[in-house]
Amino acid sequence: MPNYRIIVDLTQRMLYLLDNDSVVRGFPVGIGTMLTTTPEGDYTIINKQPNPGGPFGVFWMGLSKPHYGIHGTNDPSSIGHQVSHGCIRMFNQDVLTLAALVPIGTQVTIRR
């Protein structure tokens, strides 16, 4: 059984899925603006919600920091940019791939 964890690199604007210490997938992400920065630190995925509606695309994975999550988008042109209110935004296809792999309780590290 894989031992997945997620690292979000804010400088690279990339989300990396690791199995133990090996990167198995990398996904481009949109991150928070200068005023609404994505919070650095260690969190866990506490819930998963398909089709959350609104700007969150096809899937939402909530983090242990309230009101923050990893989610899809209805604006694919925003990926790779500082655009969100602090959440980690992914292409819908990518967030579905990630959500299918990682269980609730997966560790998420957000760093520069």
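**Exercise 1. Find the salt-bridge partner of Arg5, then work out where the two residues sit and how exposed each one is.**

Step 1. Start with the contact itself: the side chains of Arg5 and Asp21 meet in a salt bridge, at 2.7 Å from N to O. The term stands for a side-chain nitrogen of Lys or Arg within 4 Å of a carboxyl oxygen of Asp or Glu.

Step 2. Place both ends. Arg5 belongs to strand 1, while Asp21 is in the loop between strand 2 and strand 3, so the pair links distant parts of the chain, 16 residues apart. Strands here are DSSP runs of E with at least two residues, numbered from the N terminus (helices would be H or I, at least four residues).

Step 3. Check accessibility. Arg5 counts as partly exposed because its relative accessibility is 22%; Asp21, at 65%, counts as exposed. The cut-offs are under 20% relative accessible area for buried, over 50% for exposed and partly exposed in between, with a 1.4 Å probe and protein chains only.

A note on the input: this is a predicted model, where local features need pLDDT of at least 70 and side-chain atom pairs count only at pLDDT 80 or more, while totals for chains, interfaces and linings use all residues. Residues are numbered from 1 along each chain as its sequence is written, and side-chain values use heavy atoms, leaving out hydrogens and water.

**Exercise 2. The structure holds two salt bridges; describe the one formed by Arg112.**

Step 1. Arg112 pairs with Glu40, and their closest N and O atoms are 3.2 Å apart.

Step 2. Arg112 lies in the segment after strand 9 (107–111) and Glu40 in the loop between strand 3 and strand 4 (41–50), so this contact ties together parts 72 residues apart in sequence.

Step 3. With a relative accessible area of 52%, Arg112 is exposed, whereas Glu40 is partly exposed at 44%.

**Exercise 3. Trace how strand 2 (residues 14–19) pairs on the strand 1 side and the strand 3 side, and say how covered strand 2 is.**

Step 1. Strand 1 (residues 4–9) runs antiparallel to strand 2, joined by six bridges; pairing takes at least two DSSP bridges between two strands. Asp9, for instance, has Met14 as its bridge partner. The two strands make a hairpin with four residues between them, and Arg13 in the turn has a positive phi of about 55 degrees.

Step 2. Strand 3 (residues 22–32) also pairs with strand 2 in the antiparallel sense, over six bridges, with Val23 as the bridge partner of Leu18. This hairpin has two residues between the strands, and Asn20 takes a positive phi near 55 degrees.

Step 3. Strand 2 is mostly covered, with five of its six residues buried.
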